[in-house]
Amino acid sequence: MTADVHRSTAPGAAPGGQALSTLILAVSAIGFVVTVGLVLSALAGDGHRAFNTNNDGLFWGLPIVTYDFFLLTSTGLAVTATIGLALGVKEFAAVSKRCLWLALAGLAGGVLSLFLELGQPLRALWAIPFSFQFASPLYWKVLCVGAYVVLLLLTILRTLQPGWSVRAIRPLAIALMIAALGVSMIAGSVFGMMVMRPFWFGGEIPVAFHIESVLGGLAFAVFFTYLAHGFDQDRLPAGVRALFRDRLPFAFTLVISLHAMFVAARTVSGLWSNADGLQVWQHIAASPLFHLEIWVGVALPLYLMIAPGTRSNGRMQILAALLVMVSLFVARYDFIIGGQLIPPFKGSWAPSMLSYVPAATEWLLLLAAIFLANLVNAFGERFVGLDDVPADT
Amino acid sequence: MSIVDTSTSRRRFLQASSATGAIAASGALGTVGNLLTPADPAQAAPIESGTVVTKSICHQCPARCGIDVYTTNGRVHAIYGNTDHPIANGKLCPKGPLGSYILYDPDRFTGPMKRTNPKKGRNEDPKFVPISWDEALDTVAGRLNTLREKGESHRFSLLFGRGWGASCAGLLGPFADLYGSPNVGIGHSSMCSDGSVVAKQCTDGNASYSSYDYRNANYLLMFGANFLEAFRPYNNNLQVWGYIRGEKSPRTRVTAVDVHVNQLIASADRGLLVKPGTDGALALAIAHVILTEGLWERSFVGDFTDRKNRFKAGQTVDPATFQERWVKGLVEWWNVELKDRTPKWAAEVTTLREADILATAREFGTTRPAIALFERGAHTHSNGLLNGMAIHTLNALVGSLFAEGGLAYQMGPSYGPMPVKAADYMDDWAKGGAWKTMPRVDLKGHPDGYLLAKNMIQEVAKNHLANKPYKLDTVMFYLTNPVFSAPNAPQWEEMLKEVFVIETSPFPSETAWMADLVLPDHTYLERLQDAPTYPFQGFPMAQLRVPAVKPVHNTKYFGDTLIEIGKRIKGPMGEYYKALNNSENVIRHLAKGFEKDPGDNGVKDFESWKEKGVWYKKPYHWRQVRGEFFEWDGTGYNTPMSAEDVKAKLMPTPSGKFEIRSGYLEAKADWVAGVSGRSKDKLMFPHWEPPKYSGEGDLHLVTPKTALHAEGRSANLPHAIVLMQPTAGNRKHTVAEIHPSVAAKKGIKSGDRIVIKSPVGSTVAVAKVTELTRPDTVVLPFEHGHWEHGRWAKDRGTHVAPVIANQSDRVTGMANFYTAKVTIEKA
Amino acid sequence: MTKWGMVIDLEKCTGCQACSTACAMENNRQPGESWQDVLYYQEGAYPNVKLSWLPRPCMHCENPSCVHVCPTKATYKTEDGVVLVDWNKCIGCKYCQIACPYGVRFYTDTKAPVEPDVRTVFAAADGKHTWSPPYKAPDGREDWTHGVGIPPAGVVSKCTFCYHKVSKAPAGVADLNEDNPAVKEYVPACVRTCAPKARYFGDLNNPASEVNKLIAEKKGVRLLDHTGNKPQVYYLTGKSAVIPSGRALKNT
């Protein structure tokens, strides 16, 4: 089959999708300029005093949650893309190009959030790579993210060439997959290595991060693929439709299940265990948001993807993807903030448990990241042809 | 955010890459001194080049710690304790280092100013305009000359708080005599701690605070004096604490009595949380046990002639059977009061456990040397004098007066005479004008007021407003701000609206807001000012503030302001001040006394005094050893003293003994009985009288000072604000400590705003629910709640004074700050 | 080689916070940015309430987790055993704050506990420093490489053991005792000002030093030993003092 043939199998994709992506492009561009402008002006005036983080123990706030969420989504999308390109599961190649581009979009949002969160962001660009601080997970994370960025860009460049093929791209895709898995593993280690913070500590954390990353990748792939086609299952290209009918719900089910196991295991041991810091689990378990996250954000999508009546239903897939996306964000928030709620050695200067509500600037930064990611994605939808599939599938 | 700061990044990169080299270089620096190991103590460590160390004295509490002020290029940047100063010993309390902030407080007044808005009040901006010093001083002198010409010189008053020495507060006496006003030099002592001064005057004849030999004591029993947060000299107390608790053998045992858990209670071996105002009951019970169990010090107190102890609870004793040594009236006291003051009785009054009272009494009675000390917690109540006398009598019972490890009094410094004598410059008005027969406006020393008090500053506003005895015309303030700090403070606002107000503080304050003229003083790091020590360890000491920098603003030392006003008064008074010349001349004359009596540190004149910052001469000259008194002869306490010597030099009571039966009170028995309603049979003895609480609320309100409470400026020091009330853990302002049982009843949570109400007023506070306080007591530190005091102080925290009624101990005149009973509710 | 260490005798400590203010003024810290802090704890119920406190400088750990996690080597350990932050390298990622079990690190850009913000009232004219208090240390002392002086915005700061002082101490000196005039100027501010003499400072590598003597004789302990950080600050608990429990209690 040629690319032309393929394109012709999805005649409805282009016109409707184009109008929508143009609209998203415009809205995202305006939204991004406004939100990033507000954030920058707040930072120019007050510095990070505009954030609600503090020195009592809440050092990493919503911008770091945003950063990690976007970064892990990006790596998950890259992994999703490379299922088809590197592992030879050819059905997945139908969404590879879009996933790669989405990975780039997510990365852009994450990096934006990180850079506006760091105290000296530009210094970080050289100070980290040249530090040779092999003991720091963040050093490896930056190296790995660097490699990931380069490989992602190279891979995307290859997919922009007419007649790109799995065969030609495979070595690059394998490297990208390794880099992506490396990033998510080290992102987990950043927390999992913190022995002084029992809430985070544990060798399973990098594994959980992998799973959450891939789960996010699948969810975003589903959602944005549908978005590109006006949320209309019938408009999906044939290859995508085939994938979404069978393989994808299966993969989705598998990864949600793994995720659910980790959530259950960590929650139960967190609630039961006694080390200082783990009492945050009682606090989390008492919050409605957490129950929304696990029952509506994990259990319901799992059911939707298992139940024969819904697993192949487009609307149900969109719903499941959306629920998973939101619940992963809530989980990321609970994880990163929760690990800091017990202040280390502050006595009665700080409450026994900190309370954190993100500042307006921090929320705006999240919005800016969302707008930027959508801007990049919509640009891809509008100008790049993300429904392209490799010539050899 | 240096997201756009690319210009420096490259430079910083270059610097960073040489970091390792820099570390190596700093290591090399260490060898430059080339000193032997261990470092030679004789070789003082070099300070940074260009840095000058000036000797001065801290101003942030009365303790007068010697300080080293580090100044580089005209900028004060560090303050440490003066190593060669007997109080500081190189150390400081938490306030000490903050002095440089006070110097550079951005809210300071920059020069003299006058008011242009004739209306006065909290909400009336005074609209100050700068004026010259000449105009300012001429204005004051003009008013004073006019008053004097009208024969109303008594209507000029000068109120002062922290007097330091001969060159400031010391000038007030001659000013009063020459000008002719009984109201020049009304001190703040009745709002401070006169309760203890008068209690001591009544018992051992010394109207003074005590000096203490803590380092040799083996037992300390502390009543309402927070040794580890507020009691003077705080810095030295902390040094003492480290020694007696961590190094001394045997470790000194400490029992502390207070109404909430503070750092002293937490650090003590035993903390007794008494019901406010009942400290005297506890002391009486301890005395009761000491007598019934025969634990008193026989060499000092005396004994039954047959050495058989007849003190049995509830039974009287024949006075003839007891031979008294250095005390007077012990058996009479027992018969009239003490025989019924059993631990069981005291347990009911104080709410303490009987077993704890008994254990404390036994420890105190059997551990020598022992000191019982007390301050405001015990005596700022209607029964404060009685509480104080009861506690101080414990010292007599265990023989601690003038003993090693006991307590004594303070010797004065060997100052030279003033340059000129005021007596030589008195005109007829000064010598015999009508002012001589005028009562003081506060009715101190007056039968209608407070006959036995030392000062009654808290009565000034009330008496002025009531036109009783008369109204003041012009009032000048030096280091006191009763508009904020006096009981029923709002009354002072009304008074200040009616008089011409002259404020001398370097800083904005409530008084300055109501002022007509502001003549700002230097801050302490800019002053040349003498300060003899407060009672410390008895040996004489006088310290000197030496300016570390030239005055930052157009300010004038208060001593010089006063001298300059004096120069402008017509007649011989003006001549006196011209002869006095200036405050430095006064200080130079004081220092001449050291020529004949050089200090232990070699200080022998003005220059050496400036260099060392302190003159002192150890030791204290007298000591009581097992009932015998001795005087220092230059090598030891070798010269025995007669009973007459002791009476003249140490216990100037009518009997020359420690008077449990107070001759001082007995001499005024009719007056005391009249104003207090006390029985004439009992009023001269320490005895139990329930405190009269003011207000009908269900909760006591106690307003302690915390460690960061400086002499009035901590409220505007951001670094002090964040540390002000550490045990409650609030970084922003003082909070009201409320017991959980009260909080539950009233539905109050930590962080809630509450209204505290008393019959005189109400105030709003933020609650902190804590087990640290008694269930019947609200604890709210005195410090915050200024409505004018600088940008950080204004409207921060809670002003406590509006809910404190103006009630005083009728005998001592001590303001009853801790007597309020209030109600609280959620705001 | 010297390894600086501190001993804090909790039995002598009165919780007065002079260490905190002396540090804040010597090192020009912002209010509440307490490199040296005293932490207060309460447990129990009236009338038997335990109020306790713990003075807490940086522990200058032998095996500091903050150094391990710093991605730029801005946080480092000197040869004489002091943990410092190089403000020329710090990127303000705050991972060291996350990794420090003792809570001793401070980001320069957080909300001021006390308004008006001293960074506004005493704003730095050069735009390079977080603030410029009028009583700040002599300009020549500023040393960003060692985290000494007033930092730029966007970095993390911490106790330096008063590195500008101790680094100038005579080589080989065993004890930096403020009562010894020869070394007084090299003693960290908190130690020098401590009125009850609850603090001792010296060379942990010198077996004869006072700090080693106290650790041995009075049974010095280190905080949170299980984290493996191995502090160079030891606490003495004597007869009656306590190390507060780390377990957070319920809010009241």
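In this predicted model, V475(B) stands opposite V501(B), a residue of strand 18 of chain B. The two valines belong to a parallel pairing in which strand 17 (residues 474-478) and strand 18 (residues 500-503) of chain B are joined over four bridges. On strand 18 of chain B there is also a pairing with strand 19 (residues 517-518) of chain B, again in the parallel sense, this time over two bridges. Here I502(B) has L517(B) of strand 19 as its bridge partner.

These pairings are part of a wider arrangement. Seven strands of chain B make up an open sheet in the order 5-4-19-18-17-6-7, and the pairing within it is mixed. Strand 5 (128-130) and strand 7 (184-186) of chain B are the edge strands, each pairing on one side only. At one of these edges, strand 6 (residues 156-160) of chain B runs parallel to strand 7 of chain B in a pairing of two bridges, with L158(B) set opposite V184(B) of strand 7. Helix 5 (residues 172-179) of chain B packs on the sheet and touches both strand 6 and strand 7 of chain B. The direction of this helix makes about 130° with that of strand 7 of chain B.

The loop that leads from strand 4 (113-115) to strand 5 of chain B holds K127(B). This residue has a phi near 50°, a positive value for a residue other than glycine. K127(B) has 12 other C-beta atoms within 10 Å, and is therefore exposed. A comparable backbone feature can be pointed out in chain C, where F161(C) takes a positive phi of about 60° although it is not a glycine. F161(C) lies in the loop between strand 7 (156-158) and helix 5 (163-166) of chain C, and it is buried, because 29 other C-beta atoms lie within 10 Å.

A smaller group of strands can be followed further along chain B. Three strands form an open sheet in the order 20-21-22, with antiparallel pairing. Strand 20 (529-532) and strand 22 (614-616) of chain B stand at the edges with a single partner strand each, so one side of each has no neighbour in the sheet. Neighbouring strands of this sheet are turned by 15° against each other on average, direction ignored. Strand 21 (residues 541-545) and strand 22 of chain B are paired over three bridges in the antiparallel sense, and Q543(B) has V614(B) of strand 22 as its bridge partner. After strand 22, the loop to strand 23 (622-625) of chain B contains P619(B), which is joined to K618(B) by a cis peptide bond with omega of about -5°.

A hairpin follows. Strand 24 (residues 628-632) and strand 25 (residues 637-640) of chain B pair in the antiparallel sense over three bridges, and W632(B) stands opposite Y637(B) of strand 25. Four residues lie between the two strands of this hairpin, where G634(B) takes a positive phi near 105°.

Helix packing comes next. In chain B, the axes of helix 9 (residues 279-292) and helix 15 (residues 384-397) come within 8 Å and cross at roughly 30°. Angles under 35 degrees count as roughly parallel, so helix 9 of chain B is roughly parallel to helix 15 of chain B. Their crossing is left-handed. Residues of helix 9 in this contact include A283(B), A287(B) and I290(B), while those of helix 15 include A390(B), I391(B) and L394(B). By class, the contact of the two helices has ten nonpolar, three polar and one charged residues.

Beyond helix 15 of chain B, G406(B) sits in the loop that leads to strand 16 (407-408). G406(B) counts as buried because it has 25 C-beta neighbours inside 10 Å. Although 34 residues separate G406(B) from A372(B) in sequence, their C-alpha atoms are 8.9 Å apart. Leaving aside neighbours within four places in sequence, the contacts of G406(B) include D213(B), N395(B) and P369(B). That proline, P369(B), lies in the loop between helix 13 (354-366) and strand 15 (370-374) of chain B, and a cis peptide bond with omega of about -10° joins it to R368(B).

Finally, chain B and chain C meet in a contact that takes 83 residues from chain B and 72 residues from chain C. Several elements of chain B each supply at least two residues to its side, among them helix 1 (6-17), helix 2 (19-29) and strand 3 (75-81). Helix 7 of chain B gives the most, with seven residues. The residues on the side of chain B divide into 43 nonpolar, 29 polar and eleven charged.

Note on methods:
Residues numbered from 1 in each chain as written. Chains lettered and ligands numbered in written order. Predicted model: local features only at pLDDT ≥ 70, side-chain atom pairs only at ≥ 80, totals over all residues. Contact = placed C-beta atoms within 7 Å. Nonpolar A, V, L, I, M, F, W, Y, C, P; charged D, E, K, R; others polar. Pairing = 2+ DSSP bridges. Axes fitted to C-alpha atoms, helices over the stretch in contact; angles between N-to-C directions. Parallel < 35°, antiparallel > 145°, perpendicular 65-115°, else oblique. Left-handed = near helix turned anticlockwise from the far one by under 90°. Buried ≥ 20, exposed ≤ 12 C-beta atoms within 10 Å, placed from the backbone.
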